[in-house]
Amino acid sequence: MRNNISVIYIILICALTVCVISAKRSKQRISNAVMMLCASLLIPVIGNFIIIISETKPYAKLGYYLYFMGVDFLIVALMYFAKVYCRTGEVKHKEPKFLYVLFAADVIQIMINYFAGHVFALEKLEVSGLDYYNFTPRLGLTLHRILVYAVLACIIAIFAVMTVKMPRVYRGRYAIILVTMLIVALWQTFYVVARIPVNTSMIGYGFFGICIFYFSLIYRPHRLLDSMLTDIVSDMPEALFVFDPNKKCLWANEEGIRVTGVDIQEFELVNERLRETFGSLDSDNTYKQNRIIVADGNTFYYNIETRVVRDESDVLTGYVLSIRDTTEEQLRMKRDIYNAIHDSLTGLYTCEYLYERISERLASNVSEKYSLVFLEIKNFKIVNDLFGKSFGDYALKEVADWIRANANGKCLYGRLAGVNFGILIPRSDYSVKEIDNMLSQFVVSDGNFDYHLLIHLGVYKVTDEDSDVQVMFDRAQLSLSTIVDEYKTHVAFYNEELRRKMLWDQHISAQLVEAISERQLCPYLQPIVDTSGRVVGAEALVRWINPVDGFMPPGKFIPVFEKNGMIVEVDRYMWRCACEILARWKASGIDKFISVNISPKDFYIIDVRSELNALVSEYGVDPAKLRIEITETVVMNDAEDRMKVLSDLRAAGFIVEMDDFGSGYSSLNMLKDMPVDVLKIDMKFLSSTEDEVRSQKIIRNIIRLSNDLDIMSLTEGVETEAQFRMLSEMNCNMFQGYYFSQPIPVEEFEEYLKKNG
Ligand code: C2E
Ligand code: CA
Ligand code: CA
């Protein structure tokens, strides 16, 4: 028996030595730990071997010392192994350092046994006629065992946790070590419990070391890699084929099998099938190519790649072919490109892309002269409101179709935004008259509704091809503001005058706030007289005395501010000035009124009613002395609301005057509902008519009617004594005009009052 077991031990010792050497040579991350583990195993195994072969007590004792102390080294090495083996990614586990101290202490206490005899004692034993030395455990050994088993249990627990926690592919890596350790633990426990006289427990440990070496350095990595590679390659979206040097197909992944429609057993058909589908594939060289294949009227895109495989000594070992179906990608890309440059509703170019194309065209084709057209659909909100959004969309598509149908190959066009379209057109290719004609009859009909779309074109003749396209379109758009009769005129042209005007508008708008705070704006007063020629009041008319641009009559800036809403600032300022003057007059006993102008925009932007009330109370002015002039456009929108404001103002004591009566759309009919006290009749409309007798009839009737309605009449623009006399005869109540005085500064007006008050 001794001889047989000895042979086993010798083999084990040799095997472990081979493991130590191989692990040292191996360059894997884990190899150092494996080497230490196998080396530490050598000590108890050799110890055990000595125990088995010893016939004398001192040798057996030496064997036991090596055995017990070797187990300590083994567990320490196992801890280190577990630490390195379980390291995943960057996460490093730290073993508790005090364990090293405990194991060192254990080694020392085992050595002390030599004197103290507290760990084990030896007794002779005869087995099958041979002498062996067995040990009797003492307290020290129990301590040693507690330490060893506790740490071993922890290490086993760690591997158990890793086995459960890890992803499927890695699980086996931990499971195999776990199972090995469990078997060894059981083997050891069996020895401790069974107390078999001849201790050969280290045979188990020896095998354990060899298994660890094999599983961690040889078996697992390869299996793991294989299974991972197989998983990856099988699931790859591309078809993969492996050929031998004779181009015989050896293997295809799942997609490869699907694409060629062959069975796993019929790889020899692969070449033929590939040729049928993809044509000839040159597999002699490593290359990449894209192939477009049309089948059953559909286009397919493939990305084909061949790789020639050679071994380290450059001998051909085979070929790998990969075929990836990129049809979806390609179609998506094409769709994305299309969507990026086309408007989704009309299918025309988007604004950005149109700009890009126009710049390119203008830069490349300098010989041709172009016009840039800004197309605008007017009042489109009405279309949407009246007929619904889908009809609106339909109308926009119709406009796009109209552009498409009338543009030739040299035109570029697109949708700029909402109801605006842009067109670049060679100047020689269109006739304004023709376009005007077409636009005047532009009817959109979806079978249920017919709607006449009002379309305006602003044209900018491109003179500087390098200008920014956006700027050119802005100019084309700007020209639209010159269209006066929107139903008659459909095409407008940009000119430099327009640009100058725009610059002027910007110039004065930028200065307004400062002008008001510096009192560059000032009220001029134009006297208003009664039939006897006595001044009864004045109209406050604004003047701008600009330090750079000089004296400016309102015609130079009022229309600009009326358009951009800044008129509110001017009017507020003028009302305040009027109140200041009235307050001063009140103090010096001048009992005259001042009329101020209220722009229609004021009603939109501010609460006219409360602002005026606040002003008169701030200055302690009688509201009846601050007359307010409105024009009929004020009541054209939101009539009910506006009438209410005017009634309230009248109720508060203000006198409301209807300015420029007869110049606009006013009808006599309107008067019966209008809450006004004075009608200011515009003389200008009289002077422009040729038939004097007829106009006199009209004016006479207006005056008569206003008298009938108890509305005072005032005629503006009285320039001659004859006019004054005539109007007086017609029973007009008040008069204003150059015949009496031009608008004059306040001090001058006060002088004038002294003579005519
Ligand atoms: P408007 O309110 O109709 O003012 C009367 C305009 O007729 C004044 O022109 C006045 O100078 C002019 N005028 C007076 N008598 C005669 C005459 O006998 N013959 C002729 N041909 N013209 C006469 P002005 O001061 O140039 O003002 C023009 C317009 O500017 C005003 O017309 C008014 O609409 C506007 N405006 C003036 N000041 C203000 C203001 O403070 N606020 C607002 N919103 N508009 C104002
Ligand atoms: Ca006025
Ligand atoms: Ca007027």
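# A tour by selection

Begin with strand 21, residues 678-682, and strand 22: five bridges join the two, and they run parallel. This is a predicted model, so every stop below describes a prediction.

**Stop 1: strand 22 and its neighbours**

Keep strand 21 selected and pick aspartate 682; opposite this residue, in strand 22, stands glutamate 716. Remember glutamate 716, as the tour returns to this residue at a metal site.

Now select residues 712-716, the whole of strand 22. Is this strand largely enclosed or open? Four of its five residues are buried, so the rest of the structure largely encloses strand 22.

Add residues 734-735, which make up strand 23; two bridges connect strand 22 with strand 23, again in parallel. Leucine 714 has methionine 734 in strand 23 as its bridge partner. To follow the chain between these two strands, select residues 721-729: this is helix 25, through which the chain crosses from strand 22 to strand 23 in a right-handed β-α-β crossover.

**Stop 2: the calcium ion, ligand 3**

Select ligand 3, a calcium ion, and show the side chains of Asp659, Asp660 and Glu716. Which atoms serve as protein donors here? They are an OD atom of Asp659, an OD atom of Asp660 and two entries for OE of Glu716, lying 2.2 to 2.4 Å from the ion. Along the chain the donors follow the spacing D-D-x55-E.

Aspartate 660 belongs to strand 20 (residues 656-661) and glutamate 716 to strand 22, and the pair links parts of the chain 56 residues apart. Their exposure can be read from relative accessibility. Aspartate 660, at 24%, counts as partly exposed, while glutamate 716, at 12%, counts as buried because the cut-off for buried is under 20%.

**Stop 3: the calcium ion, ligand 2**

Stay with Asp659 and add ligand 2. Aspartate 659 bridges this calcium ion and the calcium ion that is ligand 3, and the two ions lie 3.9 Å apart. Which residues coordinate ligand 2? Glu539 (OE), Asn597 (OD1), Glu629 (OE) and Asp659 (OD) do so, at 2.1 to 2.3 Å. The donor residues are spaced E-x57-N-x31-E-x29-D in sequence.

Two of these donors sit in strands: asparagine 597 in strand 18 (residues 593-597) and glutamate 629 in strand 19 (residues 626-630), so the pair ties together parts that are 32 residues apart in sequence. Asparagine 597 has 26% relative accessibility and counts as partly exposed. Glutamate 629 has 1% and counts as buried.

**Stop 4: arginines over rings**

Select phenylalanine 593 and arginine 627. The arginine lies over the face of the phenylalanine ring, 3.6 Å from the ring centre. Next select tyrosine 604 and arginine 642; here too the arginine lies over the ring face, at 5.0 Å from the centre.

**Stop 5: aromatic pairs**

Across the whole structure, a search finds 34 aromatic pairs. One of them joins phenylalanine 68 and phenylalanine 135 edge-to-face, with 5.5 Å from centre to centre and 85° between the planes. Phenylalanine 68 is in helix 3 (residues 57-85) and phenylalanine 135 in strand 2 (residues 130-137); they are 67 residues apart, so the pair links distant parts of the chain. Both phenylalanine 68 and phenylalanine 135 are buried.

Move to tyrosine 114 and phenylalanine 115. This aromatic pair is also edge-to-face, at 5.5 Å centre to centre and 85° between the planes. Are these two residues buried or exposed? Both tyrosine 114 and phenylalanine 115 are exposed.

Finish this stop by selecting Tyr64, Tyr65, Tyr67, Phe68, Phe120 and Phe135, which form one aromatic cluster.

**Stop 6: two hairpins**

Select residues 287-295 for strand 5 and residues 298-310 for strand 6. These strands run antiparallel and are joined by nine bridges. Glutamine 289 has isoleucine 304, in strand 6, as its bridge partner. Two residues lie between the strands of this hairpin, and aspartate 296 takes a positive phi near 50°.

Add residues 316-325, strand 7. Nine bridges join strand 6 to strand 7, and the two run antiparallel. Arginine 307 is partnered with valine 320 in strand 7. This hairpin has five residues between its strands, and aspartate 314 in the turn has a positive phi of about 65°.

**Last stop: the domains**

Zoom out and colour the chain by domain. The division gives domain 1 (2-219), domain 2 (224-331), domain 3 (342-494) and domain 4 (509-756). Between the C-alpha centres of domain 3 and domain 4 the distance is 42 Å.

Definitions and conventions: Residues are numbered from 1 along each chain as its sequence is written. Chains are lettered from A and ligands numbered from 1 in the order in which they are written. This is a predicted model: local features need pLDDT of at least 70, side-chain atom pairs count only at pLDDT 80 or more; totals for chains, interfaces and linings use all residues. Side-chain values use heavy atoms; hydrogens and water are left out. Buried means under 20% relative accessible area, exposed over 50%, partly exposed in between (1.4 Å probe, protein chains only). Two strands pair if DSSP finds at least two bridges between them. A crossover is right-handed if, with the strands pointing away from the viewer, the path from the first strand over the helix to the second runs clockwise. Rings of Phe, Tyr and Trp (its six-membered ring) pair if their centres lie within 6.5 Å; planes under 30 degrees apart count as stacked, over 60 as edge-to-face and the rest as tilted. A charge sits over a ring if NZ of Lys or CZ of Arg is within 6 Å of the ring centre and within 35 degrees of the ring normal. Donors are N, O and S atoms within 2.8 Å of the metal (3.2 Å for Na, K and Ca); water is not among the atoms, so sites may look incomplete. Domain bounds come from an automatic or database domain assignment.
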